[in-house]
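User: I'd like a close look at one part of this model, the helix packing and the aromatic rings around it. Here is what I have open.

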Amino acid sequence: MDEDYYKALKINKSATAADIKKAYRCLALKFHPNSSKEAGSSDRFSQLGEAYDVLSDPRKKATYDRFGEEGLKGGIPPEFGRGGAWSSKYAYHGNPEKTFKHFFGCDNPFAVFSANDVPLQFVGLQPVVVKTQDPPIERDLHLSLDDLFHGCTKKIKIYRNVMNEGGYTSSVKDKILSIDVNPGWKEGTRIVFSKEGDQLGPNSIPADIVFIVQQESHPLFERQDDDLIYKTQISLEMALTGFSVNVQTIDGRLINIPINDIVHPKYRKVVPGEGMPLFQDPSQRGDLIIHFDIQFPEKLSPDRKHLIKKALK
């Protein structure tokens, strides 16, 4: 049976590559077995697949335009193929679903045109599609305790898939994202950049990019919510008789904290207002909490034991 590929796609021989894609896209969606139950739709869908397979390939199209279906499927002498024409015998693979899936670039092309099993609706040849957003892309944002104390700005370069004009192909492009870190942010804080992620198809909304704060360890302090924990070793003598502790703060000050109490293993010294800034109000701060590791002597002479017993009576 003679095939008129241009007639099948409802275009003329002057149609551009973009025209061919547009025609196939609309008609294949209209006559796909999942969207049309009319008699003959399956044959029409198969015809569209073969027509697009030929006309979307410049070499096959050149042979068909010059020699017709007979020359395309029967083969032409090799010398006629020097200008780019298809000289081998052409045979369609017979699987229009394969052509359809290859065109839309996924295993289930109709998934991007429906949501929650809502059926497709067509107005003329234009499908009414439901766009869905791809899942968010999550990345860790590692920040030092100093960054979270003072606040800072981080510049992050990302690479993402972006659909090209026409919506049939994509390319990878880079972009610089700027994150203003506020004083007092905590581990787990999420920073969302809306629609700055990959776009995986012509009918998908680009994904959001979400950065999640991960706090790096600090050589002097541990963070406990809005408080800072500072640990220091002291001798038994200091624990019993008193002493003072010098602490170099994150903002560069050296503060001296006198300890006049007897320090036992569970003792904690709380210094108000020397912790982390509060995110809601950076002018307010948590506390500095000092933990003490008491170093006991490994052994004592009898005389020293006697002196200790006498002192403790």
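Which residues do ring pairs link into a cluster? Please start there, then walk me through the helices and whatever else sits around them.

Analyst: Tyr5, Tyr6 and Tyr64 are the ones, joined into a cluster by ring pairs. Keep in mind that this is a predicted model. The chain has 313 residues, and 37% of them are buried. Its secondary structure amounts to eight helices and 15 strands. If you take contacts between residues at least 6 apart in sequence, 56% of them join residues at least 24 apart.

Tyr64 is a handy way into the helices, as it belongs to α4 and takes part in the contact with α3. The axes of α3 and α4 (residues 58-74) come within 10 Å and cross at roughly 130 degrees, which makes α3 oblique to α4. On the α3 side, Glu50, Asp53, Val54 and Leu55 make the contact, and on the α4 side Lys60, Lys61, Tyr64, Leu72 and Lys73 do. Sort those residues by type and you get four nonpolar, five charged and no polar ones.

Now swing round to the other partner of α3. Helix α3 (residues 41-55) also packs with helix α5 (residues 96-104), here at an angle of about 60 degrees and with the axes 8 Å apart. The α3 and α5 pair is therefore oblique, and the crossing is left-handed. From α3 come Phe45, Ser46, Gly49 and Tyr52, and they meet Pro96, Glu97, Thr99, Phe100 and Phe103 of α5. The make-up of the contact of α3 with α5 is five nonpolar, three polar and one charged.

Phe103 is worth staying with, since besides meeting α3 it has an aromatic partner in Tyr24. A pair of aromatic rings is described by the distance of the centres and the angle of the planes. For Tyr24 and Phe103 those values are 5.1 Å and 70 degrees, an edge-to-face pair. Tyr24 sits in helix α2 (residues 17-31) and Phe103 in helix α5, so this pair ties together parts that are 79 residues apart in sequence. Both Tyr24 and Phe103 are buried.

How many aromatic pairs are there? The count comes to ten. Another of the edge-to-face pairs involves strands: Phe193 and Phe211 have ring centres 5.9 Å apart, and their planes stand at 90 degrees, so the label edge-to-face applies. Phe193 is in strand β7 (residues 190-193) and Phe211 in strand β9 (residues 209-215), so to speak a link between distant parts of the chain, 18 residues apart. Phe193 and Phe211 are both buried.

A couple of backbone oddities to finish. Most residues other than glycine have a negative phi. Lys10, though, has a positive phi, near 60 degrees. You'll find Lys10 in the loop between α1 (5-9) and α2, and with a relative accessibility of 58% Lys10 counts as exposed. Asp225 also has a positive phi near 60 degrees. Asp225 lies in the loop between β10 (221-224) and β11 (227-235) and, at 49% relative accessibility, counts as partly exposed.

Key: Residues numbered from 1 in each chain as written. Predicted model: local features only at pLDDT ≥ 70, side-chain atom pairs only at ≥ 80, totals over all residues. Heavy atoms only, no water. Axes fitted to C-alpha atoms, helices over the stretch in contact; angles between N-to-C directions. Helix = DSSP H or I, 4+ residues; strand = E, 2+ residues; numbered from the N terminus. Parallel < 35°, antiparallel > 145°, perpendicular 65-115°, else oblique. Left-handed = near helix turned anticlockwise from the far one by under 90°. Contact = heavy atoms within 4.5 Å. Nonpolar A, V, L, I, M, F, W, Y, C, P; charged D, E, K, R; others polar. Phe/Tyr/Trp six-rings, centres within 6.5 Å; stacked < 30°, edge-to-face > 60°. Buried < 20%, exposed > 50% of the residue type's maximum accessible area, 1.4 Å probe, protein only.
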